[in-house]
Amino acid sequence: MTAVTDTAAVPVPPAADRAFTPPSLGRRFGALIIDWVLCLLIANIFADPTRDGWAPVLVLILEYGFFLGLFAQTPGMYVTRIRCLSWADGGRIGVVRALLRGVLLALVVPALIMDEHRRGLHDRLAGSVIVDAPRPAR
């Protein structure tokens, strides 16, 4: 039997959690694919994504800024049950850092350079990390 204390209710920030295990790359990639398809559909409203390649990229950056900044999850992350939190304190990263993360992710290369916590260069520069999202209570 384990004792329940007040500190047990406070989540440990990923940076301080020695047992932190990042979600699989498959779930992260799945979330990105879902988000990219949504961005293509939205960009199709105001531009031709096959001719104007900037349109879906811009939508992706704005999607990340809005959803990650305010809710810590994009629609794709919601479906794959992951979220993006601050590495240092485990809270939301905010709109500005989410936009920075989106811009860096759009450059692709930073995402390919990962550390042992599967934090790409875009995550390290934005001070973020991808973690498992809690399952909804039934």
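**Notes on the predicted model, starting from L121**

1. Let's begin at L121, a residue of helix α6. Bear in mind throughout that this is a predicted model. Is L121 buried, exposed or in between? The relative accessible area of L121 is 30%, so it counts as partly exposed. Setting aside neighbours within four places in sequence, L121 is in contact with P110 and I113. If you want a distance to check on screen, try R101: it sits 20 residues from L121 along the chain, and the two C-alpha atoms are 9.3 Å apart.

2. Now for the overall layout. The protein chain has six helices and two strands. Which order do they come in? Reading from the N terminus, you get α-α-α-β-α-α-α-β. The C-alpha trace spans about 60 × 35 × 25 Å along its principal axes.

3. A few whole-chain numbers on packing and surface. The protein chain has 138 residues, and 38% of them are buried. Take the contacts between residues at least 6 apart in sequence: 63% of these join residues at least 24 apart. The protein chain exposes about 8,500 Å², with carbon and sulfur atoms supplying 66% of that area.

4. On charge, there are 14 positive and 11 negative charges in the protein chain. How far apart are their mean positions? The answer is 4 Å.

5. The largest pocket deserves a look. Its volume is about 450 Å³. There are 20 residues in the lining, and the ones closest to the pocket centre are R28, F29, L32, L105 and A111. Four elements give two or more residues each to this lining: α1 (25–46), α2 (54–71), α4 (94–106) and α5 (109–112). Which of the elements gives the most? That is α1, with six residues.

6. L60 is a good residue to click on in helix α2. Is L60 buried or exposed? Its relative accessibility is 6%, and the limit for buried is under 20%, so L60 counts as buried. Leaving out neighbours within four places in sequence, the residues in contact with L60 are D35, W36 and C39. For a longer reach, pick I93: it is 33 residues away from L60 along the chain, and their C-alpha atoms are separated by 17 Å.

7. I45 is a residue of helix α1. Why does I45 count as exposed? Because its relative accessibility is 70%, and exposed means over 50%. I45 and A55 are 10 residues apart in sequence, with 9.9 Å between them in space, C-alpha to C-alpha.

8. Back towards the N terminus, A16 is in the segment before α1. A16 has a relative accessibility of 53%, and the cut-off for exposed is over 50%, so A16 counts as exposed. How far is the C-alpha atom of A16 from that of G90? The separation is 9.6 Å, although their positions lie 74 residues apart along the chain.

9. Two arginines should be checked for their backbone angles. R81 is not a glycine, yet it has a positive phi of about 55°. Where is R81? Look in the loop between α3 (75–80) and β1 (82–86). With 37% relative accessibility, R81 counts as partly exposed.

10. The other arginine is R118, where phi is near 55°, again a positive value in a residue other than glycine. You'll find R118 in the loop between α5 and α6 (121–126). Buried or partly exposed? R118 is at 29% relative accessibility, and buried needs under 20%, so R118 counts as partly exposed.

11. If you only have a minute with the viewer, here's a short route. Start with the lining of the largest pocket, where R28 and F29 are among the residues closest to the centre. Then go to L60 in helix α2 and show its contacts with D35, W36 and C39. Finish on the loops that hold R81 and R118, and check the positive phi of R81 and of R118.

Notes
Residues numbered from 1 in each chain as written. Predicted model: local features only at pLDDT ≥ 70, side-chain atom pairs only at ≥ 80, totals over all residues. Heavy atoms only, no water. Buried < 20%, exposed > 50% of the residue type's maximum accessible area, 1.4 Å probe, protein only. Contact = heavy atoms within 4.5 Å. Areas by Shrake-Rupley, 256 points an atom, 1.4 Å probe, with all protein chains shown as cover. Lys, Arg positive; Asp, Glu negative; His and termini not counted. Charge placed at Lys NZ, Arg CZ, Asp CG, Glu CD. 1 Å grid on protein atoms, 1.4 Å probe; cavity = no way out; pocket = protein on both sides within 12 Å on 5 of 7 lines; lining within 4 Å. Points joined across faces, edges and corners; volume = space filled by probe spheres on them.
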